[in-house]
Amino acid sequence: MSSSKEQKAEKFARERQEDHALVKETLAGDPRAVGKLAIRLGCVPRVLGILNSRMGKPLSDHDIADLSQDILVLIWGKLATFEGRAKIDTWASRFCFREFMNSVRRKGRDMAKSHPLETALAAVPAPDSSPDEVRVKMVQDGLTELGPPESEVIRMKHFEHQTFKTIGDALEISPNTAKTHYYRGIAWLRRHLMPKAEEERT
Amino acid sequence: MSARDRYENREQIIAAILQGELSPQDDVARAALAEEGIHVDDLAEMQAVIAELEATNLYEQKLLKEADAVQTGPGIDEVESTLRRLQTGKHPKVSKPTPQAPVRLLFPILAAAAALLLVAWLGGWFSSESPIDGSGNNQLLGPTTIQSLLPSGAVDDFGQFSFDTDLAPGGWFEILVYDRDFEPNDPPVASSGDLLVPTWAPDAKVTKEWPEKIHWEVRSYDSSRVVRGFGEADAERPEH
């Protein structure tokens, strides 16, 4: 009998496969699939709204509506690259996080150019004002800089709860090779993240 | 099977320690840690990295859970309407739907496009303004394709990025550089920020750290933040 950890991993794997199939059906032009995908991607505007609230509403409702459209367009353009290594809503939420942070940064910069006094009076909260978001951004940026295959193995291990065996199957490598990539990735992240985390603390 | 036999090298042993499969007090574990020069402090720092990864995962999951619970704001209908317009190519900001036309259809499509261009030219349509003219009239056509992207293909170094298009009034360009082997959810390796000229020369010290094979995209925005032009290219330099 499989352990609860394995059962959880199997459940996640099934959900990822279902999402992958849904994306393929959508790209094949199935109109029913679009309706189902809309339910899964309905998280996009809501995630943006939550991020905006958490960070003191640096963007207006109109900005959020525009950004939501932009992100859906962006996601649509990348759908063909979705391989089901994450669930579709998790995958989409990373676009939301990244684009939201970029948008706030851009708005802050525009504000500083056009209204230096108001900016000086902190009219627009800086994107780095929330410690959680700073840490998440640091980790996500670190994984991007690390690159595959190490970043893929680490994401699948810690964000998708996969076993080294299923990671190996997905990447067509042995579980032991997946472990090697995992250790190298963690060692690299330690060298790159720990000094930055120390800077943040001081 | 002994612990040593289960692993091919000490890196795998340390991965097993980090994942709690193997106790750091195990003889095989202690030997591997010693051979790799990893002390208790080092192991603790790696565990701290793992804790940060788990915290990031929790943050993402909590965010999605909160999003599930939200009852207000734009509904599924709006998302569905956007997706349907994207699927049918009727969204104002849409590129084409992602599946590519089969190669056997390419020639007839190109021939039809060429015929259309000829008719347009004979009709003097080329005397009208550029597609990116800031008037907003061409927005329904979707983004235009930005041409003459450099660097492209095999190059000695990435050097200066350039492309050929006009800047929309009040607009800007933005270049995003990705690892060619990027995952869909990976952020870019580098971003130009807002550009007012169709060139960008990132610092050589910075580009040196980039992957050897890159995919880069340029977007032209108008003053309303609408994407008016889009271009993409792959470039590759020799390995260091």
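Counted aromatic pairs first: I get 11 over all chains. My rule pairs rings of Phe, Tyr and Trp (its six-membered ring) if their centres lie within 6.5 Å, with planes under 30 degrees apart called stacked, over 60 edge-to-face and the rest tilted.

Pulled up A:Phe97 with B:Tyr59, an edge-to-face pair at 5.9 Å centre to centre and 80° between the planes. This pair crosses between chains: A:Phe97 is in helix H5 (residues 88-114) of chain A, B:Tyr59 in helix H4 (residues 40-69) of chain B. Helices here are DSSP runs (H or I, at least four residues), numbered from the N terminus.

Housekeeping: the model is predicted, so I ask for pLDDT of at least 70 for local features and 80 or more for side-chain atom pairs, while totals for chains, interfaces and linings use all residues. I number residues from 1 along each chain as its sequence is written, letter chains from A in the order in which they are written, and use heavy atoms for side-chain values, leaving out hydrogens and water.

Buried or exposed, A:Phe97 and B:Tyr59? Both are buried (under 20% relative accessible area, 1.4 Å probe, protein chains only).

In chain B, I found one aromatic cluster made of B:Phe158, B:Phe161, B:Trp200, B:Trp210 and B:Trp216.

Next, charges over rings (NZ of Lys or CZ of Arg within 6 Å of the ring centre and within 35 degrees of the ring normal). A:Lys78 has its charged end over the ring of B:Tyr178, 4.9 Å from the centre; for A:Arg106 over B:Tyr221 I noted 5.5 Å.

Last stop was helix H9 (residues 164-171) of chain A, where A:Phe164, A:Ile167, A:Gly168 and A:Leu171 are buried. They span an arc of only 100° around the axis, so they sit on the same side of H9(A); the arc uses directions from the helix axis to the C-beta atoms. Just after H9(A), I see A:Glu172 with a positive phi of about 60°.

Note on methods
Helices (H or I, at least four residues) and strands (E, at least two) are DSSP runs, numbered from the N terminus. Buried means under 20% relative accessible area, exposed over 50%, partly exposed in between (1.4 Å probe, protein chains only).
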